[in-house]
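Biologist: I'd like to learn how to read charged side-chain pairs in a model. Could you walk me through it?

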Amino acid sequence: MVDRLANSEANARRIGMVESCFGAAGQPLTIPGRVLIGEGVLTKLCRKKPKARQFFLFNDILVYGNIVIQKKRYNKQHIIPLENVTIDSIEDDGDLRNGWLIKTPTKSFAVYAATATEKSEWMNHINKCVSDLLSKSGKIPSNEHAAVWVPDSEANICMRCQKVKFTPVSRRHHCRKCGFVVCGPCSEKRFLLPSQSSKPVRVCSFCFDLLSTGQLTATLPNRSEFYRGSLQSPRNLSDEDDDDDSSD
C-alpha cells in the first residue's frame with residue numbers, strides 16, 4: 001500500500017498541504033518515496049504542563065508542531081527520524097489516559113490520545129513504519145534514548161539532595177541523563193552525551209559520578225523501567241516545554 005501511494009498525486013498533494021501549514025519556517029517534506037500515513041492532535045506532556053500538538057506520521061519520519069490555527073497554520077516544526085524511534089505504552093493515571101512514550105537518542109517524551117482506539121492505531125502504525133524501515137535498511141532497533149524529563153510541577157524540592165526547595169531564586173534544572181529535577185548545586189557538572197549534543201550538557205552529581213567512573217554508560221535503561229524503582233506515575237514523564245526558551 002505504502003509503495004503504491006509513494007508516487008501518487010493525492011499523496012503529493014497531502015504532503016504539500018502539510019508543508020504549507022508550517023510555512024517558510026518549516027523544512028521541506030517532499031522527497032521521493034515519502035508517504036503521509038496519518039495525522040492528528042495529541043496531548044504532549046511538556047515541561048510546564050500538557051499541551052495539544054499536531055502530529056504527522058510519515059513512513060520514515062514523525063513531524064509535530066504547535067497549533068496556531070487548526071488545519072491551517074502550525075509552527076515550531078520538529079522532525080524525528082523513525083529509524084531511531086522506540087515506543088512504550090504507559091498506564092493511565094487520572095486525567096492522563098491513553099498515553100505512550102516516544103523515545104529517541106536525542107529527545108524523549110510522553111503523548112496522550114483522546115481514546116484508547118486512537119492510541120492503539122497510532123502505536124500500531126508507528127511500530128509498522130519503524131519495522132518496515134529497519135527491515136529495508138538491515139539496521140537493528142535502537143536501544144539508546146534520551147531521558148524523559150520530570151515535569152517542573154512534580155518536584156517542589158531537589159530530587160537528588162532532597163533539601164533545596166525551589167523558589168524564583170532557587171531555580172529548577174534538569175539532568176540530561178536521568179531527567180530528574182535538581183537544584184543548581186546538584187547539577188553544576190557537565191558531561192558529553194554525544195547523542196544529545198556536541199558539547200557537554202548539564203547532568204546531576206549522581207549521574208556525573210557514575211558516568212565518570214564508567215559505572216553508567218551514555219545509554220540509560222528503558223525509561224519506564226528506570227522509573228519503576230522510584231516514581232511510577234506517567235505524570236513524571238515529560239519533555240522540555242517547546243514554548244520555553246530556557247535550556248535548563
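Biologist: How many salt bridges does the structure hold?

Modeller: Happy to help! Side chains of opposite charge can pair when their charged atoms come close. This is a predicted model, and it holds 8 salt bridges.

Biologist: Which residue forms a salt bridge with Asp-60?

Modeller: That partner is Arg-34, with the closest N and O atoms 2.8 Å apart. Look at where the two sit: Asp-60 lies in the loop between strand 2 (50-58) and strand 3 (61-69), while Arg-34 is in the loop between helix 2 (9-22) and strand 1 (36-45). They are 26 residues apart, so the pair links distant parts of the chain. Both Asp-60 and Arg-34 are buried.

Biologist: And where in the chain are Glu-83 and Lys-139?

Modeller: Glu-83 is in the loop between strand 4 (73-81) and strand 5 (86-90), and Lys-139 is in the loop between helix 3 (116-137) and strand 8 (173-174). Their side chains meet in a salt bridge at 3.0 Å, N to O.

Biologist: Why does Glu-83 count as partly exposed?

Modeller: Because its relative accessibility is 24%, and partly exposed runs between 20% and 50%. Lys-139, at 49%, is partly exposed too.

Biologist: What about Lys-103, buried or exposed?

Modeller: Buried, because its relative accessibility is 3%. Lys-103, in strand 6 (residues 99-103), forms a salt bridge with Asp-88 in strand 5. Here the closest N and O atoms are 2.5 Å apart.

Biologist: Which residues are linked in a network of salt bridges?

Modeller: Arg-47, Lys-48 and Asp-152 are linked that way.

Technical notes: Residues are numbered from 1 along each chain as its sequence is written. This is a predicted model: local features need pLDDT of at least 70, side-chain atom pairs count only at pLDDT 80 or more; totals for chains, interfaces and linings use all residues. Side-chain values use heavy atoms; hydrogens and water are left out. A salt bridge is a side-chain nitrogen of Lys or Arg within 4 Å of a carboxyl oxygen of Asp or Glu. Helices (H or I, at least four residues) and strands (E, at least two) are DSSP runs, numbered from the N terminus. Buried means under 20% relative accessible area, exposed over 50%, partly exposed in between (1.4 Å probe, protein chains only).
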